Amino acid sequence: MTLDERRRFLPLATRAALASVAVAGFLLLLKAFAAWHTGSVAMLGSLADTGLDLLASLVTLYGVRLAATPADDDHRFGHGKAEALAALFQVALITLSAAGIAWRAIERFGNPVRNEDAGFGILVSLIAIAVTFALLAYQRSIVRRTGSVAIYADNVHYQSDVLLNCAVIAALVLEQYAGLAGADPVFGIAIALWLAWGAFKASSNAIDQLMDKEWPEQQRAAFLDIAAREPGLRGIHDFRTRRSGTHDFAQFHMEVDPTISVAAAHDLVEGVEANLKRAFPKVEVLIHLDPEGHVDTDNPLVEADVTPHWFGKRV
C-alpha cells in the first residue's frame, strides 16, 4: 500500500471510529435514564454494555489512529497491529460486561423487583435499534473499503447490540404486559450469553492478525494466478502472506531463466509487481529473485514444499 493509499483509506476508519464514539455516548445517556426509570435488569444490562461500548470505541479510535502512523525505524512494517490489540481490548470488555450482567440477573431471581413504565423502556430500545442499524451500515461500508479489523470487531459488537435491545423489549413486554414473572432476569442471562459468544467470535480475527495467519486459500490462489501471467516467469516458491490492520503483505521467491541479464530480470520483477498492483492495490509486495534451479534448500519452508517449483505446486 502506497503512502497516498494509506492517506485515503485510514481516515475512513478514523471517521467510522468517531461515529461509533458518538453513537455510544448518545445511547449511554438515553439508557441511563431508561434503566433508572424502569428498574429493568435487562435495560440495566443494556446500559452496562453501552458504557463499555463507549470505552471500547474510544480504544478503537486510538488504535485506528495509531495504526495510521507511518512506518518508522522501530516499526518498519508500520503500526497496523495496533488495530488487532484494540479489538482484543474490546473483547475483554465485552466478556466482563457479560459476566456482570449475568450476575445481576441471577441476583434478581432471588430478589424480584417489578419493572415500571415498560412503554418508555421499549421506546428507548427502539430508538437504540434504529441508531445502531445506521451505524452498522456505515461501518460495513468502511470495512469493505479498508479491511480494518478494529472497525470489524466494533461492527460485530454492535450487531449484538441490536439483538440485545430486542431482548430488552421482549423482557419488558413479557413481564409487565403478559405477567410472566422472571422474564426480565431470564433475558438478562440470555443477553450475557450472547455477548460472551460475540466476544469469542470477535477475538478470532484479531488473534489471526497477531499470529500472522496466512490469507484464505482462495485469495492466495488469485494472487498467484495474477503473478503467473508475466511472460518469462519460470516459477514461484516460498510464498508467504499476512495482514496487519488495513495493510496486506505478500512475499515470495520468483524464478527466472539464469542466463538472462540483471536488467532483464529486473524488468520481469517490475512487470509482476505492476500486474499485482492493479489487481491487489492494498497489498505491499516483496519479491526475491532466484535463478531457476538455484533454490535455497536450507530454508525449512522451501524443503516442505512440493517439487518441482511451478505454479500451484510449490508456493
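Which residues make a nonpolar surface patch of about 440 Å²? I looked this up before anything else, and I found that Leu-163, Trp-194, Trp-197 and Phe-200 make the patch.

**Basis of the entries**

I note that this is a predicted model, in which local features need pLDDT of at least 70 and side-chain atom pairs count only at pLDDT 80 or more, while totals for chains, interfaces and linings use all residues. Residues are numbered from 1 along each chain as its sequence is written, and side-chain values use heavy atoms, with hydrogens and water left out.

**Entry: the nonpolar patch**

For patches I took residues with over 30% relative accessible area and no salt bridge, like charges being joined within 9 Å and nonpolar side chains (Val, Leu, Ile, Met, Phe, Trp, Tyr) within 5 Å. The accessible areas come from the Shrake-Rupley method with a 1.4 Å probe, and for residues only the protein chains shown count as cover. I then looked up which helix gives the most to the nonpolar patch, and this is α6 (residues 183-210), with three residues; helices here are DSSP runs of H or I with at least four residues, strands are runs of E with at least two, and both are numbered from the N terminus. Trp-194 has its place in helix α6, and I record this residue as partly exposed because its relative accessibility is 36%, where buried means under 20% relative accessible area, exposed over 50%, and partly exposed in between (1.4 Å probe, protein chains only).

**Entry: helix α7 and its two faces**

In helix α7 (residues 217-227) I found Arg-220, Phe-223, Leu-224, Ile-226 and Ala-227 to be buried. Seen down the axis of α7, these buried residues fall within an arc of 160°, so they line one face of the helix; the arc is that of the directions from the helix axis to the C-beta atoms. On the face of α7 turned away from its buried side I noted the exposed residues Glu-217 and Gln-218. I also looked up what covers the buried residues of α7, and the cover includes β1 (235-244), β2 (247-256), α8 (262-279) and β3 (283-291).

**Entry: salt bridges at α7**

I counted as a salt bridge a side-chain nitrogen of Lys or Arg within 4 Å of a carboxyl oxygen of Asp or Glu, and by this rule the count comes to six salt bridges. Side chains of opposite charge can pair when their charged atoms come close. Arg-220, buried at 9% relative accessibility, forms a salt bridge with Glu-214, the closest N and O atoms being 2.6 Å apart, and Glu-214 is partly exposed at 34% relative accessibility. Glu-217 also forms a salt bridge with Arg-220, with the closest N and O atoms 3.9 Å apart. Glu-217 and Arg-220 are three residues apart in helix α7, so about one helical turn separates them, and Glu-217 is exposed with a relative accessible area of 59%. I therefore entered Glu-214, Glu-217 and Arg-220 as linked in a network of salt bridges, given the rule of 4 Å. Another salt bridge joins the side chains of Asp-225 and Arg-229 (2.9 Å, N to O), where Asp-225 is partly exposed with a relative accessible area of 40% and Arg-229 is exposed at 55% relative accessibility.

**Entry: Asp-290**

Is Asp-290 buried or exposed? I found Asp-290 in strand β3, and at 7% relative accessibility this residue counts as buried. Its side chain makes a polar contact of 2.9 Å with the side chain of His-253 and another, of 3.2 Å, with the side chain of His-288; a polar contact is a pair of N or O atoms within 3.5 Å, where within protein one must be able to donate a hydrogen and the other to accept it, and residues adjacent in sequence count only if both atoms are side-chain atoms. Leaving aside neighbours within four places in sequence, I listed His-237, His-253, Met-254, Glu-255 and Val-256 in contact with Asp-290, contact meaning heavy atoms within 4.5 Å.

**Entry: Val-156 and Thr-14**

Val-156 lies in helix α5 (residues 149-177) and is buried, with a relative accessible area of 12%. Beyond its neighbours within four places in sequence, Val-156 is in contact with Gly-198 and Ala-202. Thr-14 has its place in helix α1 (residues 3-38) and is buried, with a relative accessible area of 12%; not counting residues up to four places away in sequence, Thr-14 touches Leu-61, Val-64 and Arg-65.
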